[in-house]
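Load the model, set the cartoon and sticks to your liking, and follow along. We will go from the ligand outward to the sheets.

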Amino acid sequence: MEQVTVAKRLDGIAFAGIRKVFEKANQLEAQGKKVIHFEIGRPDFDTPAHIKAAAKQALDKGLVHYAPNSGIPALREALAGRLKADKNLTYSPESEIIITAGGQEALYLSFMSILNEGDEVILPDPCFGPFPLAVGLAGGVPVKIGLKPTQNYGYDWEAVKKTLSPRTKAIVVNSPHNPTGGVWAEEQLRAVARFAGEHGLWLVCDDAYDNLVYEGCRLSPAGFPGMRERTILCGSLSKTYAMTGWRIGYIAAVEPVIGAAIRLQQNIMLSLCTFAQHGAVAGLTGSQDCIQAMSQEFARRRLLVLDMVRQIPGVVLEGNPQGAFYVFPRITLPGMTSAQVADYLLDNAGVAVVDGLAFGEHGNGHFRLSYAVSYEDCREGLERIAGAMKMLVQKNS
Ligand SMILES: Cc1ncc(COP(=O)(O)O)c(C=O)c1O
């Protein structure tokens, strides 16, 4: 048979590391084994009832047709209202906000809107997998910078300064951070904003976890003097309201960027699901107590997880993850890769974690553990990991 070839631009795109673990875990479950799912990066809560009710009502009213390319006006207004109330940021719902298919499409549209061929983008390493792909598909070059666990998983500034070039176009901030849970301190956010300002760069802020900060700073760099004009906020309702399947995110930025993103959106998605957008309006304009309730539960699990992870033999947690729902311990066992340890934990302890290498080279030797599972599962899973790691350490000594 003739060899089927696909576009070369897809050459670097591997099957996501997280999906591989997920599928293997599902196979074990099909054989009747109980697996603890520390690999999944989504809240384990249901979408709050009032959000679902608003979407159902929209369906019943027949709101089933195309929406405007930039999103329904009520949702853009609701987002502008939240950005003002929560972060004291002012964006025009008419010209400075676009609704996207989750934060992930927000990132793709942003990079497509600002990058020319060969433009460089400074990214954290490890990072959320699609970042380098989104930059590359937009013609840009991802420049990955290692993070410092003991400095809230912030950029290694010496490395950042060394990589600065005439082609540097943007620098990315993702605080709280996937996969480490790191939350940058105010001085760190101010430093990156200053750096972007001094060198005329875009600051792309991935705010997917902005409502999941348990300790530390919640400021947005867009609020710092002179930064509104050069910051692109890529946000999402996925994690905040347990709405990952609804696919609602947004970009807030100056008009030329949003204008470019709308032209792309017209030709890519056309528009987002209309009744899902009506549900999202209810989320943003209704009581925010649901966020508080979910975040309190995550905060409770975080304390348990930090305490238990720090006692696991053969791993060390160098930083203090203060947000999202992740921890990213480093494996200290010699002679074993993080992929081998992740496989070992799934096969021997029935616990699924993600090999840190899935998030970039600097993630090698770590694994990501997501505590978006019940408190009881957090405890049981960590007990299982501790037991399995103890055996590995004994074998290796
Ligand atoms: C850092 C980060 N950004 C963006 C996203 C995209 O989320 P969504 O497209 O569901 O908004 C994720 C999802 O896990 C993420 O971890």
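Start by selecting the side chain of Ser238: one of its polar atoms lies 2.7 Å from an oxygen atom of the ligand, a polar contact here being a pair of N or O atoms within 3.5 Å. Taken alone, the ligand exposes 390 Å², and the protein buries 92% of that; accessible areas come from the Shrake-Rupley method with a 1.4 Å probe.

A word on what you are viewing: this is a predicted model, in which local features need pLDDT of at least 70 and side-chain atom pairs count only at pLDDT 80 or more, while totals for chains, interfaces and linings use all residues. Residues are numbered from 1 along each chain as its sequence is written, and side-chain values use heavy atoms, with hydrogens and water left out.

Next, add Asn178, which places a polar side-chain atom 2.7 Å from an oxygen atom of the ligand. Then pick Lys239, where an N or O atom of the side chain is 2.7 Å from a ligand oxygen.

Now show the whole shell. It has 13 residues, of which Gly103, Asp206, Ser236, Ser238 and Lys239 come nearest; a residue belongs here if one of its heavy atoms lies within 4 Å of the ligand. Colour the shell by class and you should find 3 nonpolar, 7 polar and 3 charged residues, with Gly counted as polar and Asp, Glu, Lys and Arg as charged. Which helix gives the largest share of the shell? Select residues 102-114: this is helix α4, with 3 residues in the shell. Helices here are DSSP runs (H or I) of at least four residues, and strands are E runs of at least two.

Switch on a surface and you will see the ligand in the largest pocket. "Sits in" asks for more than half of its atoms within 2 Å of the pocket's grid points.

Turn to the sheets, where two strands pair if DSSP finds at least two bridges between them. An open sheet of 8 strands runs β2-β9-β8-β7-β6-β3-β4-β5, with mixed pairing. Its edge strands, β2 (97-100) and β5 (154-155), each pair on one side only. Zoom in on β8 (231-236) and β9 (249-252), an antiparallel pair with 4 bridges; Leu233 has Ala252 in β9 as its bridge partner.

Last stop: 3 strands in the order β11-β15-β14 form an open antiparallel sheet. β11 (326-327) and β14 (354-355) each have a single partner strand, so one side of each is left without a neighbour in the sheet. Finish on Val327, whose bridge partner in β15 is Leu369.

Key
A polar contact is a pair of N or O atoms within 3.5 Å; within protein, one must be able to donate a hydrogen and the other to accept it, and residues adjacent in sequence count only if both atoms are side-chain atoms. On a 1 Å grid over the protein atoms alone, a cavity is a set of points where a 1.4 Å probe fits but cannot get out, and a pocket is an open set with protein on both sides within 12 Å along at least five of seven lines; lining residues have an atom within 4 Å of a point.
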